Amino acid sequence: MKILGVVGSGRKESVSGVHQLVTTVLENTNHDYTLVSLRGKKINGCIACLGCVKDNICKVQDDLTEIRSLIAEADAYVIGAPNYYSTFNAVTHAFLERWYQFRHQEGDTLWGKLGVAVGVGGTSGAFPADDIEKLFLYSFIETVAKVTGQGAASCFSCGFGETCKVGVPTLLYGEGVKNNRRYDSAGYPAARSDGSRRGRGLTLGERLRNGHDRQAVSQKMQQTLMQMFAESA
Ligand SMILES: Cc1cc2nc3c(=O)[nH]c(=O)nc-3n(C[C@H](O)[C@H](O)[C@H](O)COP(=O)(O)O)c2cc1C
């Protein structure tokens, strides 16, 4: 079983909470994995050219082109994104939007596979994790776990955090945050591995080891999507 891990953060590995959390989940699945970082990649959103409808292959040539085969061949996904303005960041959105190419006619390449949605925010990672779950659903991929953590907002390292009136340190902790222990961005407290994240990693690992029924998962996800449509109509 092969897992594709995707880090949607634009920041370096050493400071990215998404990188820490995605790799923590991957390492605890006890399966082989490939890790792809979207950092520095040029990936455009879908342009609705419909060039993919006959063969389920996107005709737009950019940095997604070489990742396509990894997406198609993976048995499961661990995808993480940072919280930007209470949604996931643009490159992760563009990356997942382009999975539209797999959805046409008998295009069941992704159907019934499993995924873990990872979100990290300066305050909360729930929004990006929910967004990834929704995009998984459109490909009939079951989200077996959502893993969220608090990373360091850029305000902790921009150099103006102590004086900026609209920065996260002031918004979270009030003025005079200087020398506050929480001002130290090196901790990434919630992005470190802990028991629950290991457990969630193992949840994916176990589901894959037990040999899940892709057809049954696919049907379940189709019903969930139809229900979502019905509720939002
Ligand atoms: C443009 C931008 C918008 C952001 N908006 C939010 C936000 O709305 N909520 C939040 O919790 N964090 C927000 N953040 C903070 C990031 O989510 C946080 O720095 C997180 O650690 C990023 O993940 P990374 O460390 O893997 O890059 C924002 C950061 C940027 C650069």
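Start by selecting strand 3 (residues 76-84) and strand 5 (residues 114-121): they run parallel, joined by seven bridges. Helices and strands here are DSSP runs (H or I over at least four residues for a helix, E over at least two for a strand), numbered from the N terminus. Two strands count as paired if DSSP finds at least two bridges between them. For one of the bridges, click on Gly80, whose partner in strand 5 is Val118.

Before going on, two notes on what you're looking at. This is a predicted model, where local features need pLDDT of at least 70 and side-chain atom pairs count only at pLDDT 80 or more, while totals for chains, interfaces and linings use all residues. Residues are numbered from 1 along each chain as its sequence is written.

**Stay with strand 3**

Now add strand 1 (residues 2-7), which pairs with strand 3 in the parallel sense over five bridges. Pick Gly5 and you'll find its bridge partner in strand 3, Val78.

Next, select strand 4 (residues 87-88). Strand 4 pairs with strand 3 over two bridges, this time in the antiparallel sense, and Asn83 stands opposite Phe88. The two strands form a hairpin with two residues between them, and Tyr85 in the turn has a positive phi of about 55°.

Is strand 3 largely enclosed or not? Eight of its nine residues are buried, so the rest of the structure largely encloses strand 3. A residue is buried if 20 or more other C-beta atoms lie within 10 Å of its own, exposed if 12 or fewer, and partly exposed in between, with C-beta atoms placed from the backbone.

**Over to helix 1**

Select residues 17-27, which make up helix 1: 10 of the 11 are buried, so this helix too is largely enclosed by the rest of the structure. Among the buried ones are Gly17, Val18, His19 and Gln20.

Then zoom in on Thr23, which lies in helix 1. Thr23 counts as buried because it has 20 other C-beta atoms within 10 Å. Draw a distance from its C-alpha atom to that of Val78: the two are 55 residues apart along the chain, yet the separation is 8.8 Å.

**Around the ligand**

Which residues are closest to the ligand? Ser9, Val18, Pro82, Gly121 and Gly151 are, out of 19 that surround the ligand; a residue is counted as near if its C-beta atom, placed from the backbone, lies within 6 Å. Helix 1, strand 3 and strand 5 are the elements that give two or more residues to this shell. Strand 3 gives the most, with three residues.

Try colouring the shell by residue class: seven are nonpolar, 11 polar and one charged. Here Ala, Val, Leu, Ile, Met, Phe, Trp, Tyr, Cys and Pro count as nonpolar, Asp, Glu, Lys and Arg as charged, and the others, Gly among them, as polar.

**A stop at Arg39**

Look in the loop between strand 2 (32-37) and helix 2 (68-73) to find Arg39. Arg39 counts as partly exposed because it has 16 C-beta neighbours inside 10 Å. Leaving aside neighbours within four places in sequence, Arg39 is in contact (C-beta atoms, placed from the backbone, within 7 Å) with Ser9 and Gly10. Its C-alpha atom and that of Val91, 52 residues apart along the chain, are separated by 8.7 Å.

**Zoom out**

Finally, show the whole chain, with its seven helices and six strands. Of its 233 residues, 38% count as buried.

Key:
Contact = placed C-beta atoms within 7 Å.
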